[in-house]
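Visitor: Please pick one residue in this structure and take a close look at its surroundings. Then work outward to the parts around it and to the chain as a whole.

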Amino acid sequence: NTQALLEKQADIDSSAVAYPNDIPIAFEEGKGATVRDADGNTYIDLFAGIGVLNVGHSNPYVLEAVHEQADKFVHTVDFPTDARLELIEKLDEIAPEGLQGNNRVVFGGPTGSDAIEASIKLSKYNSEGDGLIAFRGSYHGATTGAMSVTSNTKLKKHYAPLLSDVVHAPYPYPFRDGKSPEASVDHALEEVQAILEDPYGGLANPAGIIVEPIQGEGGIVTPPAGFLQGLRDLADDNDVTLVFDEIQTGLGRTGEWWASDWEGVTPDAMTSAKALGGVGFPLSATMYKEELDTWGSGDHAGTYRGHVVGMRAGTRAIEYIQDHDLLAHARDLGEYIQDRLLEAADETDHLADVRGKGLFIGAEFVDSDGNPGDDIVDAIQQYCFEHGVLIWTAGRHGNILRIIPPLVLTRDLAETALDIVLEAIDHAVE
Ligand code: PMP
């Protein structure tokens with residue numbers, strides 16, 4: 001069945017579909033942290049639809065509200081509904097401390113890219129300037145503004161001109177830049193400062209800084225402590241909007257509601273999507289400080305600013321995380337997974353770095369010369385697939401194994417999955 005579906009997809013679907021080239025699977029059903037394919041094979045899911053399914057596939061507590069809501073109505077544009085106002089209040093409750101009670105939410109369209117566009121417009125609207133600082137290794141999405149702040153040149157080379165005033169600063173990546181954690185942070189912050197302040201090499205009119213608190217697509221690159229606070233200070237000193245892109249890291253993924261909570265730093269604006277729609281409904285939002293709420297009615301408009309079913313699902317998913325203390329679970333299970341990976345790292349020089357927070361984990365592989373080990377990671381992914389574990393990769397060279405399971409993954413399933421991942425590593429580095 002899988003083969004037939006893949007062949008049909010190849011015949012009629014866009015050549016741009018991303019994943020079937022890596023792993024030939026067709027989905028039939030998902031429950032919690034497992035999925036079943038079209039031939040009845042079951043897999044443990046360490047991918048969660050790119051970090052979307054934090055409360056698990058088809059979570060019944062969320063779906064109950066989805067069915068109720070769908071029976072009433074699905075679409076209202078921006079008109080008030082209980083579902084909309086409930087989610088705004090819920091987001092305020094879990095917002096970074098400095099945003100709580102002072103938080104506005106502009107819902108985006110279905111994708112994270114929409115929220116990024118809103119955050120760019122918000123930064124520019126509230127500034128005399130129009131320049132943006134982003135970071136090397138970043139991924140922010142596929143629309144024009146989001147591509148502009150994304151650093152991957154391969155993804156943008158056919159689409160010039162993009163936004164012109166965007167400069168990419170180095171992101172602290174001690175494993176790759178060969179600096180100590182402190183030196184890596186200092187270097188990145190000095191470069192940002194130069195871009196903000198140097199009239200020769202910098203941006204003429206900076207409006208904002210946009211940054212992932214932990215880089216996702218870039219390879220679960222986890223900046224040492226001090227980086228986000230340093231950016232906060234530079235944004236304050238230079239009167240620019242600081243935007244945290246929490247699209248992949250947010251809503252409990254890292255064992256805190258937001259990755260930036262680990263450092264206790266509050267941004268001026270923050271993007272969310274992916275897990276925001278509860279069980280995979282397309283919904284995005286940009287949260288921002290009330291003082292930036294200067295748009296007039298309809299200044300940032302759109303048809304799908306209020307997917308009522310997605311909003312109900314989002315609120316229920318947050319409740320589910322609260323009721324089941326999944327933040328603590330994500331921290332504990334994340335520690336267990338990192339410990340198991342470190343065990344593997346003791347056995348092979350090819351596993352060179354294990355990093356991340358909560359259930360946002362990356363394992364970086366190198367070849368015998370210390371160059372990116374993307375072939376090793378591909379072999380691990382393939383072995384895992386053949387043995388019932390779905391796992392994906394990340395990083396500019398595709399040499400980072402990315403472990404981002406549903407937060408509902410149980411300890412038992414995690415043990416089984418990690419046994420297979422460790423076997424796969426053994427097998428791939430032989
Ligand atoms: N920002 C980050 C950090 C992301 O990881 C992604 C998607 N992987 C996006 C933005 C874009 O989201 P979407 O694909 O929903 O447009």
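Guide: Two residues are in contact here when heavy atoms of one lie within 4.5 Å of heavy atoms of the other. The model is a predicted one, and the residue chosen for the close look is isoleucine 361, which is found in strand E12 (residues 360-365).

Is isoleucine 361 buried or exposed? Its relative accessible area is 0%, and buried means under 20%, so isoleucine 361 is buried.

Which residues does isoleucine 361 touch, once those up to four places away in sequence are set aside? The list includes Ile220 and Gly334, then Ile337, Gln338 and Leu341, and also Arg355 and Gly356. Leu401, Arg402, Ile403 and Ile404 complete it. A residue that is not on that list, serine 138, is 223 residues away from isoleucine 361 in sequence, with 17 Å between the two C-alpha atoms.

Two of these partners lead on to a helix pair. Ile337 and Leu341 touch isoleucine 361, and both also belong to the H12 side of the contact between H12 and H14. Helix H12 covers residues 326-347, and its axis comes within 10 Å of the axis of H14, with a crossing angle of roughly 20°. Angles under 35 degrees count as roughly parallel, so H12 and H14 are roughly parallel to each other. Their crossing is right-handed. Besides Ile337 and Leu341, H12 contributes Leu333, Tyr336, Arg340, Glu343 and Ala344. From H14 come Arg411, Ala414, Glu415, Leu418, Asp419, Val421, Leu422 and Ile425. By class the contact of H12 with H14 holds 10 nonpolar and 5 charged residues, and no polar ones.

H14 also packs against helix H13. H13 spans residues 374-386 and H14 spans residues 411-429; their axes come within 8 Å and cross at roughly 135°. That angle makes H13 and H14 oblique to each other, and the crossing is right-handed. On the H13 side the contact is made by Ile376, Ala379, Ile380, Tyr383 and Cys384. The H14 side consists of Ile420, Val421, Glu423, Ala424, Ile425, His427, Ala428 and Val429. Divided by class, the contact of H13 with H14 has 11 nonpolar residues, 1 polar and 1 charged. Val421 and Ile425 of H14 take part both in the contact with H12 and in the contact with H13.

Another helix pair is formed by H4 (residues 82-94) and H11 (residues 308-323), which pack at an angle of about 35° with their axes 8 Å apart. The crossing of H4 and H11 is left-handed. H4 puts Ala83, Arg84, Glu86, Leu87, Lys90, Leu91, Glu93 and Ile94 into the contact, and H11 puts in Val308, Met311, Arg312, Gly314, Thr315, Ile318, Glu319 and Gln322. These residues divide into 7 nonpolar, 3 polar and 6 charged.

The loop between helix H3 (60-72) and H4 holds valine 77, whose phi is positive at about 55° although it is not a glycine. Most residues other than glycine have a negative phi, and most peptide bonds are trans. Valine 77 is partly exposed, with a relative accessible area of 31%. Lysine 274 likewise has a positive phi, near 40°; its place is in the loop between E9 and E10, and it is partly exposed at 22%. Alanine 275 is found in that loop between E9 (269-272) and E10 (285-289), and at 8% relative accessibility it counts as buried. Beyond its neighbours within four places, alanine 275 is in contact with Gly51, Val52, Asn54 and Leu251. The peptide bond from alanine 160 to proline 161 is cis, and proline 161 lies in the loop between helix H7 (153-156) and strand E6 (166-169).

Last, the whole chain. It has 14 helices and 15 strands, and buried residues make up 56% of its 430 residues. Of the contacts between residues at least 6 apart in sequence, 73% join residues at least 24 apart. The C-alpha trace spans about 60 × 55 × 45 Å along its principal axes. The radius of gyration is 21 Å, which agrees with the value near 22 Å for a compact globule of 430 residues.

Notes: Residues numbered from 1 in each chain as written. Predicted model: local features only at pLDDT ≥ 70, side-chain atom pairs only at ≥ 80, totals over all residues. Heavy atoms only, no water. Helix = DSSP H or I, 4+ residues; strand = E, 2+ residues; numbered from the N terminus. Buried < 20%, exposed > 50% of the residue type's maximum accessible area, 1.4 Å probe, protein only. Axes fitted to C-alpha atoms, helices over the stretch in contact; angles between N-to-C directions. Parallel < 35°, antiparallel > 145°, perpendicular 65-115°, else oblique. Left-handed = near helix turned anticlockwise from the far one by under 90°. Nonpolar A, V, L, I, M, F, W, Y, C, P; charged D, E, K, R; others polar. Rg over C-alpha atoms; globule rule 2.2 N^0.38 Å.
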